[in-house]
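Trainee: I have a new model open on my screen and would like to talk it through with you. Shall we start?

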Amino acid sequence: MQTPRPTRSVLYIPGSKDRALDKARGLPVDAIIFDLEDAVTPEAKVEARATLKAALEADGYGRKLKIIRINGLDTDWGKGDVEALRDAKCDAFLLPKVNGAADIDALAAMLPEGREIWAMMETPKGILHAEEIAAHPRVTGFVAGTNDLAKELNCRYRADRLPMQMALQMIMLAARAHGVTAIDGVYNQFKDQDGLRAECEQGRDMGFDGKTLIHPDQVAVTNECFAPSEAEIDLARRQIAAFEEVEKSGQGVAVVDGKIVENLHVETARKILALAEAVAQTSAE
Ligand code: COA
Ligand code: MG
């Protein structure tokens, strides 16, 4: 079975900051979003392209997924970002404030054939059009932009994120319907580890593949929460073993820890073990 690359921790790095660009090389993150949008001031945006290009050419990021977040194509910088970086060594381009599939078409037309595109899901229109965006053949990843979403909805911040549950679930539904990676939004209070852990757990409970981060101190908790736990791995192994045992006598249902295990649970168990294996490989790099 092919092991998927984990995408537990996805760190934003301001594309203008040499020091952060360098520091990220040694951080145990699964993916990096090299940001030219909101983390870079208008005055620094043009220069940031060259800074980022040089960092990507120098590389040193190992097998971390490298994603470039450009400015929107309706801004003064979006097209210039694409022109400067279209051939850069990276895995995907991340487009902010995607409202529909037409926005993806516009970026795809400017990029080399086959370049993968990720979409920031952070506007009411984008959420309502989540399915057509996920179905776009170039789209392979979704990132929930929860700060912009809260602004657009005019909702209040709550620890349980109740006001944005529906939007987050629409992102998940569309992503899963079309095989797209789904990454949760950032946790703004970057010094609050307990709060971060609670939000990671919630995102993982919902099915997200990982979480976007703003600070290196958020990496460890996130990697832990989005990796299968020892208990999950142990249960998955016991489910598979129990199911294989009952299959021998022609039965389709096993019982483990008082709960039924059917074919579909075994598929989930295998997925958990594959992710655990991928995480172990990543940690060994
Ligand atoms: N990526 C890589 N390195 C980072 C980093 C990041 N996102 N954020 C901070 N660092 C580095 C700093 O450069 C510093 O490195 P050093 O010790 O080698 O000097 C170290 O981590 C400690 O940083 P610290 O002093 O605790 O943070 P700060 O006060 O400099 O910065 C923020 C705090 C929030 C401003 C900063 O983390 C940041 O800009 N984050 C990204 C914001 C972003 O991308 N927003 C857009 C998406 S929401
Ligand atoms: Mg945003």
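Trainee: How do the residues of the shell around ligand 1 divide into nonpolar, polar and charged?

Mentor: Happy to help, and keep in mind that this is a predicted model. The shell around ligand 1 holds 15 residues, with Y12, R19, K23, I214 and H215 coming nearest. Sorted by class, they are 9 nonpolar, 1 polar and 5 charged.

Trainee: Which element supplies the largest share of that shell around ligand 1?

Mentor: Two elements, β1 (9-14) and α1 (18-23), each supply at least two residues of the shell. With 4 residues, the largest share comes from β1.

Trainee: How far from an oxygen atom of ligand 1 is the polar side-chain atom of R19?

Mentor: Let's go through the polar contacts, for which the cut-off is 3.5 Å. A backbone N or O atom of Y12 lies 2.7 Å from a nitrogen atom of the ligand. In the side chain of H215, an N or O atom is 2.7 Å from a ligand oxygen. For R19, a polar side-chain atom sits from a ligand oxygen at a distance of 2.5 Å.

Trainee: And what percentage of the area that ligand 1 exposes when taken alone does the protein bury?

Mentor: Start from the ligand by itself, which exposes 900 Å². Of that area, the protein buries 63%.

Trainee: Turning to the fold, in what order do the 8 strands close into a barrel?

Mentor: Strands of a sheet can pair either parallel or antiparallel, through backbone hydrogen bonds. Here the pairing is parallel, and the twist averages 25° from one strand to the next. The barrel order is β1-β2-β3-β4-β5-β6-β7-β8.

Trainee: Which residue of β8 is the bridge partner of S9?

Mentor: Look at where β1 meets strand β8 (residues 210-213): the two run parallel and 3 bridges join them. Within β8, the partner of S9 is K211.

Trainee: Through which helix does the chain cross from β7 to β8?

Mentor: Strand β7 (residues 181-184) pairs with β8 in the parallel sense over 2 bridges, and I183 has G210 as its bridge partner in β8. The chain links these strands by a right-handed β-α-β crossover. Its helix, residues 193-206, is α9.

Trainee: One last check: which residue in β6 stands opposite I117?

Mentor: Strand β5 (residues 116-121) and strand β6 (residues 139-144) are parallel partners over 5 bridges. Opposite I117 in β6 you will find V139.

Key. Residues are numbered from 1 along each chain as its sequence is written. Chains are lettered from A and ligands numbered from 1 in the order in which they are written. This is a predicted model: local features need pLDDT of at least 70, side-chain atom pairs count only at pLDDT 80 or more; totals for chains, interfaces and linings use all residues. Side-chain values use heavy atoms; hydrogens and water are left out. A residue is near a molecule or strand if one of its heavy atoms lies within 4 Å of it. A polar contact is a pair of N or O atoms within 3.5 Å; within protein, one must be able to donate a hydrogen and the other to accept it, and residues adjacent in sequence count only if both atoms are side-chain atoms. Accessible areas come from the Shrake-Rupley method with a 1.4 Å probe; for residues, only the protein chains shown count as cover. Ala, Val, Leu, Ile, Met, Phe, Trp, Tyr, Cys and Pro count as nonpolar, Asp, Glu, Lys and Arg as charged, and the others, Gly among them, as polar. Two strands pair if DSSP finds at least two bridges between them. A crossover is right-handed if, with the strands pointing away from the viewer, the path from the first strand over the helix to the second runs clockwise. Axes are lines fitted to C-alpha atoms, for helices over the stretch in contact, and angles run from 0 to 180 degrees between N-to-C directions.
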